[in-house]
Amino acid sequence: MRLDRKDLLTIKDLSLDEIGLILDTAASFKEVSEKDIKKVPTLRGRTIINLFYEPSTRTRTSFEIAAKRMSSDAINISLAASSVKKGETLSDTARNLEAMRPDCIVVRHGSAGTPQMLARHLSCSVVNAGDGAHEHPTQALLDLFTVKEHKKHIKDLKIAIIGDITHSRVARSNIYAFTKLGARVTAAGPRTMLPPGLSSLGCEVTTDPREAIKNADVVMMLRIQSERQNNSAIPSAREYARVYGLDKEKLSLAAKDAIVMHPGPINRGVEITPEVADGTKSLILEQVTNGVAVRMAVFYLLLGPVREED
Ligand code: CP
């Protein structure tokens, strides 16, 4: 079984069937990570390059672990150690990497649209590991997977996404993903962190976090992306934490069996209190665990097992 596409660039472009296939495949790959010997020969002979122009802990590491658990060769290139520092352009870097015949390049870049541009010019597969404030499709897939594991379905769930929506590629991909699967998404944040036209993505929008959290089945908190803001969009972190941060009192408004999520990295005491981040409703580390299974599924469905004729 394969996806009928060369690249994975956005959630917006994925059909319901494709999302279903990725989530089902991830469920079978999750078992690999629970075994003593965490390796299958499925992608032996394939070469995967992680090309990260922005910092990453979870995404880069889990793509590398996913590639290695499937026996492919995984190579990591970070901005600091590459010839980008000597002035090489992105397209020259990509063409030189392609000359070494990889099967897939996983790219994270600060500019929206970079993975799409590479995918048009490269014959190998391209996977978007986050492009500017545009999309982070594998994060949304692992978030869907995590919610589905706990709630068994996505349709009709109430999902609250709270924080810096304007600068969050995670928010954008998750709004596409959860609304596509029939959930009711409410995005909340200060006015300065809510982009114009947000409701056209199919979600409710409010500046009141309590309205978003009330009866929510899933409360997803976001980090303030200060690296993407020219001027601070909030008066102070303390004020933001008081009004928008998730603490026990605000969480008590959610459904009794609500779950708490965060893509990481978290800023403890700003968008979420340590008590909630480490509490019994928090699935933050489960999201990280599931990231490996989902990325194994993406590699498998794009690159497939090596066949004699390949
Ligand atoms: N969730 C996420 O993208 O984390 P990293 O920036 O550490 O990859």
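Which backbone oxygen lies 2.8 Å from a polar atom of the side chain of S72? In this predicted model, the backbone oxygen in question is that of A67. S72 itself is placed in the loop that runs between helix 2 and strand 2 (73-78), and with a relative accessible area of 6% this serine is buried.

Helix 2 (58-69) also takes part in the lining of the largest cavity, where helix 2, helix 5 (137-151) and helix 11 (284-303) are the elements that give two or more residues. A single cavity of 30 Å³ or more was counted in the model, and the volume of the largest cavity comes to about 80 Å³. Its lining consists of R58, T59, S62, Q139, L142, H262, P263, I284, Q287, V288, G291 and R295. Helix 11 supplies the largest share of this lining, with five residues. When the lining residues of the largest cavity are sorted by class, four are nonpolar, six are polar and two are charged. Because domain 1 (16-135 + 289-303) and domain 2 (137-288) both contribute residues to the lining, the largest cavity lies between the two domains.

Open space was examined as well, and the largest pocket encloses about 370 Å³. The lining of the largest pocket comprises 20 residues, among which R108, R169, R223, G264 and P265 lie nearest the centre of the pocket. Two or more residues of this lining are given by helix 2 and by helix 6 (169-180). By class, the lining of the largest pocket is made up of five nonpolar, eight polar and seven charged residues. Residues of domain 1 (16-135 + 289-303) and of domain 2 (137-288) both enter the lining of the largest pocket, and the pocket therefore lies between these domains.

Two of the residues nearest the centre of the largest pocket, G264 and P265, are joined by a cis peptide bond, for which omega is near -5°. P265 is situated in the loop between strand 9 (259-261) and helix 10 (274-277). For context, most peptide bonds are trans, and most residues other than glycine have a negative phi. With respect to phi, R101 has a positive value of about 60° although this residue is not a glycine. R101 is placed in the loop between helix 3 (90-98) and strand 3 (104-109), and its relative accessible area of 63% makes it exposed. A positive phi, near 70°, is likewise found for D156, a residue other than glycine. D156 lies in the loop between helix 5 and strand 5 (158-162), and at 48% relative accessibility this aspartate counts as partly exposed.

Individual side chains on the helices were then considered. N290 is found in helix 11, the element from which the largest share of the cavity lining comes, and the relative accessible area of N290 is 0%, so that this asparagine is buried. The side chain of N290 makes a polar contact, at 3.5 Å, with the side chain of E149. On helix 6, where Y176 lies, a relative accessible area of 17% places this tyrosine in the buried class. Y176 and E135 are 41 residues apart along the chain, and a separation of 9.6 Å was computed between their C-alpha atoms.

The cysteines were assessed last. A disulfide is a covalent bond between the sulfur atoms of two cysteines, and the count of disulfides in the model comes to zero. For C104, the closest cysteine sulfur is that of C124, and the distance of 6.7 Å is too far for a bond, given that a disulfide requires sulfur atoms within 2.5 Å. C124 is correspondingly in no disulfide, the nearest cysteine sulfur being that of C104. C104 counts as buried, with 0% relative accessibility, and C124 also counts as buried, at 6% relative accessibility.

Terms used: Residues numbered from 1 in each chain as written. Heavy atoms only, no water. 1 Å grid on protein atoms, 1.4 Å probe; cavity = no way out; pocket = protein on both sides within 12 Å on 5 of 7 lines; lining within 4 Å. Points joined across faces, edges and corners; volume = space filled by probe spheres on them. Helix = DSSP H or I, 4+ residues; strand = E, 2+ residues; numbered from the N terminus. Nonpolar A, V, L, I, M, F, W, Y, C, P; charged D, E, K, R; others polar. Domains from an automatic or database assignment. Buried < 20%, exposed > 50% of the residue type's maximum accessible area, 1.4 Å probe, protein only. Polar contact = N/O pair within 3.5 Å; in protein donor to acceptor, adjacent residues only side chain to side chain.
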